[in-house]
Amino acid sequence: MAEVELFRAAGRAGELPQVCMYCGSPAVTKRQKVFIGTTPITMFMGAGIPRVKLPICEHHGWLFVVRHKLALIVCGLATIALQNDKQMPSR
């Protein structure tokens with residue numbers, strides 16, 4: 001797998017190579033990605049949380065949609081389970 005070092009300014013400016021960030025195929029779309037794993041020092045210095053529009057191929061484009069839908073379904077089911085647990089009478 002190839003490794004590429006990019007600078008934050010290039011990501012913000014949208015100057016990323018037009019290849020899929022997952023497999024290296026030609027990219028057909030861009031999806032916004034928030035990088036949560038920043039260090040506290042970086043955030044303290046005012047850099048904030050990096051948000052980058054990543055180039056994605058057609059094959060991996062569905063990945064973001066599935067993740068978001070799955071997260072919504074899990075949160076919804078957890079909410080329903082908690083509500084049902086509160087409503088059950090004590091014995």
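Student: How much accessible surface does the protein have, and what share of it belongs to carbon and sulfur atoms?

Tutor: In this predicted model, the accessible surface comes to about 7600 Å². Carbon and sulfur atoms account for 63% of that area.

Student: And what percentage of the residues is buried?

Tutor: Of the 91 residues in the protein, 18% are buried.

Student: Let's turn to the fold. How many helices and strands are there?

Tutor: The protein has three helices and two strands. Their order along the sequence gives the pattern α-β-α-β-α.

Student: What share of the contacts joins residues at least 24 apart?

Tutor: Take the contacts between residues at least 6 apart in sequence: 56% of them join residues at least 24 apart.

Student: Now the cysteines, please. How many disulfides does a search of the whole structure find?

Tutor: The general idea helps here: a disulfide is a covalent bond between the sulfur atoms of two cysteines. For this structure, the search returns zero. Take C20, whose nearest cysteine sulfur belongs to C57, 3.6 Å away. The cut-off for a disulfide is within 2.5 Å, so C20 is in none.

Student: Which cysteine sulfur is nearest to that of C23, and how far away is it?

Tutor: C57 again provides the nearest cysteine sulfur, at 3.7 Å, and C23 is in no disulfide either.

Student: Is C20 buried or exposed?

Tutor: Buried: C20 has a relative accessible area of 4%, and the cut-off for buried is under 20%.

Student: Where does C23 fall on that scale?

Tutor: C23 counts as partly exposed because its relative accessibility is 41%, between the limits of 20% and 50%.

Key: Residues are numbered from 1 along each chain as its sequence is written. This is a predicted model: local features need pLDDT of at least 70, side-chain atom pairs count only at pLDDT 80 or more; totals for chains, interfaces and linings use all residues. Side-chain values use heavy atoms; hydrogens and water are left out. Buried means under 20% relative accessible area, exposed over 50%, partly exposed in between (1.4 Å probe, protein chains only). Helices (H or I, at least four residues) and strands (E, at least two) are DSSP runs, numbered from the N terminus. Contact means heavy atoms within 4.5 Å. Accessible areas come from the Shrake-Rupley method with a 1.4 Å probe; for residues, only the protein chains shown count as cover.
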